Amino acid sequence: MSTQADHGHELIPRPQQAPDSLRAALAAVDPARLEEMQASKDDAFAKAVEWQSLSPVQSWVLTWARDIEIARRPQLSARYARAKGNLEHEDPAITQEALRELSAVLDEAMKAVRE
C-alpha cells in the first residue's frame with residue numbers, strides 16, 4: 001500500500017490495485033459493501049471468460065479502487081455524500097450542482113488511483 005500525503009487525512013493507505021488488496025481496504029473503510037464487491041467481482045470474472053477479455057476485470061479493479069479512494073479520504077467522502085444526498089432535491093439548480101459535484105468527486109478519485 002502507498003500513501004499520498006497531499007490528499008490530507010486518510011483513514012488507510014491507498015491499496016494496491018489487486019483484488020485481495022482492494023478487499024482488505026474495503027473491509028477497513030466500508031465493510032457493509034463487501035457483499036456488493038464480491039458480487040460485482042464474480043460478474044466481472046464471468047464476463048472476462050465469456051468475452052475472452054480482461055477488460056471487465058480491469059474495469060472492476062478501477063471502479064473499486066475509485067470507490068475505496070473516496071471512502072478512505074473523509075473530506076472526499078463527505079463531498080460525495082452531500083452531492084449524492086442532493087441528487088433528488090426539489091430545486092433543479094441544487095440537483096444540477098449535485099451532479100457537477102458528484103462528477104468532480106468521481107473524477108478526482110479516479111485521477112488519484114491512476115497516478
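Which residues are exposed on the other side of α2? Let's work that out, along with a few other things.

This is a predicted model, where local features need pLDDT of at least 70, side-chain atom pairs count only at pLDDT 80 or more, and totals for chains, interfaces and linings use all residues. Residues are numbered from 1 along each chain as its sequence is written, and side-chain values use heavy atoms, with hydrogens and water left out.

**Exercise 1.** Sort out the two sides of helix α2 (helices are DSSP runs of H or I, at least four residues, numbered from the N terminus).

*Solution.*
- Step 1: pick out the buried residues (under 20% relative accessible area, 1.4 Å probe, protein chains only): Leu34, Met37, Ala44 and Ala48.
- Step 2: they cover an arc of only 80 degrees around the axis (taken from the directions from the helix axis to the C-beta atoms), which puts them on the same side of α2.
- Step 3: now flip to the other side of α2, where you'll find Glu35, Val49 and Glu50 exposed (over 50% relative accessible area).

**Exercise 2.** Check the length of α2, residues 34–51.

*Solution.*
- Step 1: the expected span is 1.5 Å times one less than the number of residues, so the 18 residues of α2 should span 26 Å.
- Step 2: the end C-alpha atoms of α2 are 25 Å apart, which agrees.

**Exercise 3.** Find the side-chain partner of Arg14.

*Solution.*
- Step 1: locate Arg14 in the segment before α1.
- Step 2: Arg14 is buried, at 7% relative accessible area.
- Step 3: its side chain makes a polar contact with the side chain of Glu69 at 2.8 Å (a pair of N or O atoms within 3.5 Å, one able to donate a hydrogen and the other to accept it; residues adjacent in sequence count only if both atoms are side-chain atoms).
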